[in-house]
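Here's a friendly look at how a few helices sit against each other. Take a moment with the picture first.

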Amino acid sequence: MLAPRSRRARRLFPILFTAVALVAGGIAAVTGFGIGSLLTPVLAIQTGTKLAVAATAIPHFVGTAQRFWILRRHVDRRVLLGFGLASAVGGLTGALLQSRASSNALTAVFGVLLILAGVSEFTGWIARVRWGKRAAWVAGILSGALGGLVGNQGGIRSAALLGFDVPKESFVATATAVGLFVDLARVPVYLATQWDGIARIWSLLLAAIAAVMIGTALGTRLLTRLPQRAFRVMLAVLLLALGTYMIVKAAA
């Protein structure tokens with residue numbers, strides 16, 4: 001029999017998860033990532049990491065599709081066709097390998113890359129980087145593959161996109177379109193390989209989807225009012241925070 005504290009925690013978990021989904025939707029609307037980064041570790045408390053990666057992809061897809069529809073006029077097609085298509089290929093590959101290749105070492109590498117991206121933004125180095133076509137394909141494939149493997153492709157994708165000189169609305173819109181490509185490639189794989197586990201938590205996912213949609217609607221209003229410099233600083237801070245979390249998680 002479950003202890004009273006354990007039973008109480010189980011009852012409160014859906015409320016916590018829904019609240020995190022609301023915040024995640026708002027953050028993703030401003031920065032282009034955050035849904036998978038926030039929801040995956042929270043859901044993993046209840047389900048384990050592998051199922052959490054697969055299940056979180058569903059509210060992530062819904063929120064990304066909503067954000068894309070709102071910001072679709074700002075998408076930078078040049079970046080999307082190179083970096084975005086490569087990310088979709090990488091995301092599909094990562095999803096196919098997720099059940100066997102995910103590891104603490106990979107998570108730590110992911111965290112280090114995010115920290116380096118955040119530091120490079122603060123030092124101004126990233127402002128001097130401009131991806132060529134070949135580098136964009138490489139960055140896209142790597143960011144998509146890492147996302148498929150560890151379930152946090154948004155952070156590394158946004159880090160890579162800092163190398164493109166685009167306004168904040170185009171940055172988020174293009175990152176969102178790329179994320180939609182990746183989700184379309186990986187979600188069918190997750191549904192096919194982990195359907196039983198996902199079906200067991202369908203009510204939790206429905207609540208998360210509703211919360212993500214509300215957060216996305218609120219966050220997109222904030223994006224238009226945020227100065228460009230403040231946007232990049234916020235993005236760098238979030239990359240540093242996410243990278244630190246990933247390293248701590250890998251070391252635990």
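What follows is a short tour of some helix pairs.

The model is predicted, so local features need pLDDT of at least 70 and side-chain atom pairs count only at pLDDT 80 or more, while totals for chains, interfaces and linings use all residues. Residues are numbered from 1 along each chain as its sequence is written, and side-chain values use heavy atoms, with hydrogens and water left out.

Helices here are DSSP runs (H or I, at least four residues), numbered from the N terminus. Here is how three pairs pack, with axes being lines fitted to C-alpha atoms over the stretch in contact, and angles running from 0 to 180 degrees between N-to-C directions.

| Pair | Angle | Axes apart |
|---|---|---|
| Helix 3 and helix 8 | about 145° | 7 Å |
| Helix 8 and helix 10 | about 40° | 10 Å |
| Helix 2 and helix 3 | about 145° | 8 Å |

Let's start with helix 3, residues 49-71. Its 23 residues should span 33 Å at 1.5 Å a residue (the expected span is 1.5 Å times one less than the number of residues). The end C-alpha atoms of helix 3 are 31 Å apart, which agrees. There's a bend of about 25° at Ile58, with Pro59 following within four residues; the bend is the angle between axes fitted to the seven residues ending there and the seven starting there.

Now for the neighbours. Helix 2 covers residues 35-47, and its residues that meet helix 3 include Leu39 and Leu43. Contact means heavy atoms within 4.5 Å. On the helix 3 side, Pro59 is among the residues met by helix 2.

Over at helix 10 (residues 228-251), Gln228, Phe231 and Leu235 meet Lys168, Phe171 and Val172 of helix 8.

Notes. Helix = DSSP H or I, 4+ residues; strand = E, 2+ residues; numbered from the N terminus.
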